[in-house]
Amino acid sequence: PGNLRKCSHFIEAHARLGGSPQLRDAIVQAAQRVIATSIPAHLAGGTGFARVGEWTTVRAIVEAAVAQQEGWEGRFMAEVSRAAALIPDGERTSQVVALQNAWFRTCAQRLQVNKCPRQTKDLARILWASVKCQCHVEPLVAMVLDALHDPMMSWNPLDIANVAWALAEQDTLDDRAAARLSELAVARIHEFRVEGMAALVHAVTRSWHCHADLLAKVEEAVVRQAQASKERGTQRRNHPRREVEQGAAPLAPAERHEQQSGLDAAPENAGAAALQAGAEAVELTPVARRQAEPADNRLPGKTAAASRPAPKFHLDRSPEMRTAINLLCNYAVARVVPEQLLEEVTGAACRRWGMGEVHTAEVAMLFWACARLTWSHSTLMQRGADQIAPRIQEMSGADVVNSVWALSRIQPSPAVLQGLADNWSELRPRFGPSSLAKLLWAVAAAGSATPPELPAALLSAV
């Protein structure tokens with residue numbers, strides 16, 4: 001017995017500690033008994049059920065939130081919106097879609113009619129959730145745009161990134177809004193995590209509002225974060241922790257400064273190489289809580305940017321490398337060559353690929369970005385080709401096409417083309433007409449590097 005918030009805490013603890021199925025069922029049943037009579041604060045506190053995949057309970061929470069009329073604040077609506085947005089596509093029946101639409105329309109009405117206090121954090125999170133659910137609510141978009149242009153409203157980096165991504169996804173990012181977002185972002189660019197900057201660049205490039213100042217500042221900030229993280233790692237290796245002398249007071253550990261995770265909205269599209277809402281979020285994804293939900297605003301708004309530590313960004317780690325490659329792909333969409341960023345990312349990729357730490361999707365995306373930007377790096381291309389050639393049958397059709405096309409433009413690889421020919425019968429179903437056309441062009445451009453049997457196989461498929 002207890003309120004819904006307590007049940008939510010119990011179910012999360014159960015998931016982390018590994019309790020019995022009977023206990024989990026008991027917690028869910030206790031929650032379902034109290035949902036209908038829960039106050040808004042407790043409904044908002046029930047989002048733990050979304051994090052453990054109890055979607056029936058989440059639907060009941062959203063239904064109760066639509067029916068409950070009194071006591072709503074922006075933060076409560078933001079929490080329920082986030083839970084609704086985490087419902088996976090497999091659970092989104094027609095009834096669930098109707099429920100999500102009803103909920104976001106209700107949010108807009110409450111924010112307008114009831115004059116709920118409007119915090120930028122809450123508006124950004126509700127808008128992000130509505131776009132994640134593919135719900136277009138014009139009054140909500142209008143409120144966010146009004147707040148965006150209000151000089152009295154303060155926006156933190158995560159909210160700026162979420163709003164930029166959401167407006168771009170709904171094709172409501174006009175010139176004025178894009179200019180305002182660029183202005184806000186440039187002013188606080190060194191407080192952004194790279195995931196947020198990638199979402200921001202994706203938004204302005206997708207909407208063709210390319211602001212040179214913003215793109216230059218983003219490149220500078222990302223390179224600075226990567227170099228600072230590299231230097232910290234070198235210092236730790238060169239200066240191991242001192243042992244405390246006997247009788248001396250132990251050294252106090254350095255205070256850790258953690259920034260919030262980046263936007264939920266972010267998997268890579270191999271064809272357009274653009275961030276979209278959905279899966280991984282590294283996708284934007286429902287996945288880990290760190291990736292799939294907007295974090296709370298813990299960035300102090302009145303502290304000078306210079307006094308804050310720069311967020312850590314280690315290119316030697318796979319998630320950070322994937323984010324950096326996504327960012328490069330967005331620069332490639334805009335055909336803006338970020339030379340310093342390219343040098344950092346390609347250098348880190350060469351080190352990783354030389355040690356065998358390779359994800360084929362990362363190779364395909366980085367090859368695509370380099371080819372579109374006409375950036376040649378012979379060592380990178382050779383190492384990447386050596387790694388994907390024996391694993392080409394593991395790759396998606398889009399990754400194969402992007403890799404072969406990019407290599408043919410910059411540095412044709414006989415090994416990759418031979419791998420494509422050897423595994424053609426297995427790979428053939430993965431290619432549609434557009435992919436076959438690109439492969440034909442790539443094979444023609446590769447010239448003598450092409451195995452003699454591959455053109456005939458391609459023409460037969462066409």
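1. In this predicted model, the protein chain is built with 23 helices and zero strands. Of its 462 residues, 53% are buried, and the accessible surface comes to about 21100 Å², with carbon and sulfur atoms accounting for 50% of that area.

2. Helix α10 covers residues 157-169, and its length can be checked: at 1.5 Å a residue its 13 residues should span 18 Å, and because the C-alpha atoms at its ends are 18 Å apart, the expectation and the model agree.

3. The ends of α10 deserve a separate look. At the N-terminal end, Asn-156 acts as a cap, with a side-chain oxygen 3.0 Å from the backbone nitrogen of Leu-158; beyond the helix, Asp-171 follows with a positive phi, near 55 degrees.

4. α10 is mostly covered, with 12 of its 13 residues buried, and these include Asp-159, Asn-162 and Trp-165. Among the elements that cover the buried residues of α10 are α8 (120-132), α9 (138-148), α11 (175-187) and α12 (194-206).

5. Met-395 offers an example from a loop, namely the one between α18 (378-388) and α19 (397-410). Its relative accessibility is 2%, and therefore Met-395 counts as buried, the cut-off for that class being under 20%.

6. Leaving aside residues up to four places away in sequence, Met-395 touches Thr-360, Ile-388, Val-400, Ser-403, Leu-427 and Arg-430. For one of these, Leu-427, the separation from Met-395 is 32 residues in sequence, while the C-alpha atoms of the two residues are 8.8 Å apart in space.

Note on methods
Residues numbered from 1 in each chain as written. Predicted model: local features only at pLDDT ≥ 70, side-chain atom pairs only at ≥ 80, totals over all residues. Heavy atoms only, no water. Helix = DSSP H or I, 4+ residues; strand = E, 2+ residues; numbered from the N terminus. Buried < 20%, exposed > 50% of the residue type's maximum accessible area, 1.4 Å probe, protein only. Areas by Shrake-Rupley, 256 points an atom, 1.4 Å probe, with all protein chains shown as cover. Contact = heavy atoms within 4.5 Å. Expected span 1.5 Å × (residues − 1). Polar contact = N/O pair within 3.5 Å; in protein donor to acceptor, adjacent residues only side chain to side chain.
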